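Here is a short tour of one protein chain, written to be read with the structure open beside you. We will look at model confidence, the chain as a whole, one helix and a few charged pairs.

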Amino acid sequence: MARSRSGTRGRRGPRKPPRSALTGSAVQTIDPRERGAVELPATITVKELAELFGVNPADVIRELIKSGIFATINQLIDRDTAALVAGELGYEVAEPQTVTAGDGSEEGSDGAGSDAAKETFFTEVDDEDLVTRAPIVTVMGHVDHGKTSLLDAIRSTTVAAGERGGITQHIGASEVTRDGRRVVFLDTPGHEAFTAMRARGAKVTDIAIVVVAADDGVMPQTLEAISHAKAAKVPIIIALNKMDKPDANPDRVKTELTEAGIVVEEYGGDTPLVPVSAKSRLGLDDLVDMVLLVADLQDLKANPKRPAIGTIVEARMDKSRGAVATGLVQTGTLRVGDVIVVGETYGRVRALENDRGKRIPKAGPATAAVILGLSEVPQAGDILRVVADEKAARSMVEARAAQLAARSGEGSGRATLEDLYKQIQAGQAKELRIILKTDVSGSLGAITHSLGQLATDEVKINVMHEGAGEISDNDIMLAAASNAIVVGFSTKITDTARRAAETEKVDVRMYDIIYQLTDDIEKALSGLLEPEIVEVVEGRAEVRQLIKVGKTTVIGGSYVTDGRMVKGGARVWRGGKVIVTDRIESLRRFRDDVREVASGFECGIGLAGFSDLAEGDVIECFTSKTVSRSLAS
């Protein structure tokens, strides 16, 4: 007769511990209950994961197969996949400390990091392989204030002259060198691309230069750029451009910046301001020096020896060369021949080109390069990772596609007025983030004041950006990146912004009456308030007889005088004072254990920890219930 597997194991004794894939020696299995939360790197091999948990590599491979991933012992898997395996094996995975080569900040409650569909970026380990890397700078500002002309002057190129209308038509990345140190500039069409990448989870920028024309002052797009940089927690440098013009008025600009919440160092603030002129080349060296100084304060480092991780800045389909992507390597080194996974596509790097179109064999940390060899065109903001081989790349892409498909039915994770409180992480300050647009600027003050009246010590209202005019794509992207809602008052939303809101799952609310706006916001804030625990006295019973059970237990033979007696919290009153607070552990009618006893009936009451009852005592039972609070309560 065939022996059962469990029976065979029982006769053979305990199962032998797993063997190490490296040494063949026994591995000490670690009890998940004793191990605690485990930190996982961005990528890890099956062998390394098994050794981390002290399990047999076959156990890891078996769990991967259950998820449809057929991996070998030396195959590289990403953190999301490793976390799934860890969960199946009973281990808890710690939240990663995201130290990026991008903006240098951890994005927690701003929403970019909370979207379930986004990837965890990477964690740099503090070891001897870390080296100082170049800062990555985004240039933003109002249209025609000279963003590209300023970069043109810094790079001594003629980019601006070749662009239609003098306005940037694409995203580019370029490098300049100052005293042997590199600075990487991202020249964007404005803050839209900067924020779109943040909305997709990419963290690229270390420093934001906001260009302001000295003759024009702070304009609506200047305010938007400042709001976007603040939301990303990126250090800001003000480049006061066109200082060579006769009508330049730097003092007026500094005052307007102060009104916008940017206090420059000259006025006692912490925001550097550098007077420049792209035309006369005034102050350009000072601006680059300031970038390097701010970078030094951030102590930017990366490990060039690890597999490359970066972000796609731009991508397109070229008829002759196929998918062409501009990638920014943020840590590690990307080499020709590497197999890479980018978002939901992959490929082998066929060629690399620098910002001037020259072929290069590799790209190290903080290096922008044009990448050829991807099978499809990725999206701007997609994360690039080097993996072991094409089989591993294909498995990762298929697993990621399956995860995204599974998550698509769970909602976007964006903030809405209905379920915003579910998005707030425990232990963090509660706040409702709002992008406010009105028909005229005069309405802004009145609405902002009304919203301020709703805030409490527990719940804050954070108006991340406000302005007059239509709700635009920029407003939607800022809301998407910051997990905010968009509120419009007596204004309109553009068609493209409406489509963007549907795509990014951003909650847009339109109002024509102020009290309707404030009523809805008040309801949302009430949902964010911690519920109040209310005690409800259920009934009272008088002890009329003491019944001893065993040597220590005393049951109070009681008569219910008021309400009903139920199991739960209890207080014992004697002589008009509470002598003990305990819990009713047993409640009996005759010999039956009952759930409750109504007024006018007798019962036996046993307390959990108090046995010194006396005749005449009054036992008061109570329960606790959670009551939602409103701001008016």
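Among the elements of this predicted model, helix H1 (residues 5–12) has the lowest mean pLDDT, 35, while strand E13 (residues 334–335) has the highest, 96. Across the chain the average pLDDT is 77, and 76% of the residues score at least 70. Residues 407–412 stay under 50, and the model gives them four contacts beyond four places in sequence. Residues 423–429 are also below 50, with ten contacts beyond near neighbours in sequence.

Now for the chain as a whole. It contains 16 helices and 30 strands, and 49% of its 633 residues are buried. Of the contacts between residues at least 6 apart in sequence, 71% join residues at least 24 apart. The accessible surface is about 30,400 Å², with 49% of it belonging to carbon and sulfur atoms.

Helix H15 (residues 495–504) is a nice one to rotate on screen. Which of its residues are buried? They are Ala497, Ala500, Ala501 and Glu504. These four span an arc of only 100 degrees around the axis, so they lie on the same side of H15. An α-helix has 3.6 residues a turn, so residues three or four places apart point the same way. The cover over the buried residues of H15 includes helix H14 (473–482) and strand E22 (508–511). On the face turned away from that buried side you will find the exposed residues Asp495, Glu502 and Thr503. After H15 comes Lys505, which has a positive phi, near 60 degrees.

Finally, the charged pairs. The structure holds 25 salt bridges, including these three:

| Salt bridge | N to O distance |
|---|---|
| Lys254 – Glu266 | 2.4 Å |
| Asp507 – Arg509 | 3.1 Å |
| Glu620 – Arg540 | 2.9 Å |

Lys254 sits in helix H9 (residues 250–259), and Glu266, twelve residues away, is in the loop between H9 and strand E9 (273–275). Are the two partners buried or exposed? Lys254 counts as buried because its relative accessibility is 8%, whereas Glu266 is exposed at 56%.

In the second pair, Asp507 is buried at 11% relative accessibility, and Arg509 is buried at 16%.

The third pair links strand E30 (residues 618–627), home of Glu620, with strand E23 (residues 532–549), home of Arg540; the two residues are 80 apart. Glu620 is buried at 4% relative accessibility, while Arg540 is partly exposed at 31%. Both belong to a network of salt bridges that links them with Glu535, Asp562 and Arg571.

Key: Residues numbered from 1 in each chain as written. Predicted model: local features only at pLDDT ≥ 70, side-chain atom pairs only at ≥ 80, totals over all residues. Heavy atoms only, no water. Buried < 20%, exposed > 50% of the residue type's maximum accessible area, 1.4 Å probe, protein only. Contact = heavy atoms within 4.5 Å. Areas by Shrake-Rupley, 256 points an atom, 1.4 Å probe, with all protein chains shown as cover. Arc of directions from axis to C-beta. pLDDT = per-residue confidence, 0-100. Salt bridge = Lys/Arg side-chain N within 4 Å of Asp/Glu carboxyl O.
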